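Me: I am new to this structure and would like a close look at a single part of it. Please take one strand and go through what lies around it, and explain the terms as you use them.

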Amino acid sequence: MKLLILGKNGQVGWELQRALQPLGNVLALDRYQDTKTQYCGDIANFDAIVQVLTQFRPNIVVNATAYTAVDKAETDLEQADLINHLAVKHLAEQCKTVNALLIHYSTDYVFDGLGQTAWQETDEKAPQNAYGHTKLAGEIALEQSQAKFINFRTSWVYGTHGNNFIKTMLKLAKSKDELNIIADQIGVPTGAALIADVTAQVIRYYLFNPHQHNDLHGHYHLAPQGETSWYDYAQLIFEQARQKGIELQIKRVEAIPTTAYPTPAKRPLNSRLNTQKLQQTFHIHLPEWQQGVEHAIAEMI
Ligand SMILES: NC(=O)c1ccc[n+]([C@@H]2O[C@H](COP(=O)([O-])OP(=O)(O)OC[C@H]3O[C@@H](n4cnc5c(N)ncnc54)[C@H](OP(=O)(O)O)[C@@H]3O)[C@@H](O)[C@H]2O)c1
């Protein structure tokens, strides 16, 4: 079994490098040429992608690359579309050619973010910002490629490797007395480690159930159990840091509405994801979101 990971140094890519090892021969690449194998994993370099797929011949390709700078994407649309859409389209077509399963990641930002119900896989898509549009275009390209694919939509990703909300909050809380944090956006913080571990479990299930393959391809929502706001999430981070002996300067945390913190890209108020399909199809147990956050903070500290 040969597995190719693209985007090995992203939050999810980093954890995939750990979690997929027991499944087979793993080749993990970033955008640069690998000094050992000479392969290059720049997803926007179409020749390089053809070369690694035709020569390494992976059975499974896991694409953890993405353009994730949500606000920057509003003014850098061409680059965001290249990475999140056109390169995904090309990758899917090449996976079809070499008959590899493509595992991909997307976001709750493909939905319009309205209402209070957790999004189901089949709900209508209506992205509210440029990043969401490019990610949806990538999903549509996957569907149209006729490649075998599994796409996990996830939300509010954090990891010990890379920048994210937890690290930003810890940094700010060490230097500021007061912080204003948005309290009306609701979602589920999802650990990169959980995403990678679930990916490994799904691959294992897929490999051991070849007769079910056609039923397994498609979109799945992947997030832990529960829900929170950025405000309550931040409170847990500060509480956990203090419990672990970290000295924080922060004295007051103010809950504010989204309207009080304008950003270039519009953010959805409702990022809840319904994960029933993932749990039932692959017999996966998803933990409460706090468990992963507490573990990650302990690791970061
Ligand atoms: N982060 C979130 O909150 C969030 C939420 C929902 C869904 N997701 C989705 O989850 C997946 C993983 O996200 P993440 O948080 O792990 O993202 P991340 O930490 O930003 O990692 C993305 C990786 O893609 C790489 N990359 C960008 N352009 C590339 C190219 N041309 N060729 C090769 N690699 C390239 C980046 O490398 P460089 O550092 O060299 O640019 C980076 O290592 C993505 O599909 C994302 O859309 C993320």
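Reply: Strand 5 and strand 10 (residues 218-221) pair in the parallel sense over four bridges, where two strands count as paired if DSSP finds at least two bridges between them, and Asn151 stands opposite His219 in strand 10. Strands here are DSSP runs of E with at least two residues, and helices are runs of H or I with at least four, both numbered from the N terminus. This is a predicted model, in which local features need pLDDT of at least 70 and side-chain atom pairs count only at pLDDT 80 or more, while totals for chains, interfaces and linings use all residues. Residues are numbered from 1 along each chain as its sequence is written, and side-chain values use heavy atoms, with hydrogens and water left out.

Strand 5 also pairs with strand 4 (residues 101-107), again in the parallel sense, over six bridges, and in this pairing Ser106 stands opposite Arg153. Strand 4, helix 4 (residues 130-145) and strand 5 together make a right-handed β-α-β unit, right-handed meaning that, with the strands pointing away from the viewer, the path from the first strand over the helix to the second runs clockwise.

As for its surroundings, six of the six residues of strand 5 (residues 149-154) are buried, so the strand is largely enclosed by the rest of the structure. Buried means under 20% relative accessible area, exposed over 50%, and partly exposed in between, with a 1.4 Å probe and protein chains only. Both faces of the strand are covered, since Phe149, Asn151 and Arg153 are buried on one side, and Ile150, Phe152 and Thr154 are buried on the other.

Burial also applies to two cysteines, Cys40, with a relative accessible area of 14%, and Cys95, at 0%. The structure holds zero disulfides, a disulfide being a pair of cysteine sulfur atoms within 2.5 Å. The sulfur of Cys40 is 16 Å from the closest cysteine sulfur, in Cys95, and this is too far for a bond. For Cys95, likewise in no disulfide, the nearest cysteine sulfur is that of Cys40.
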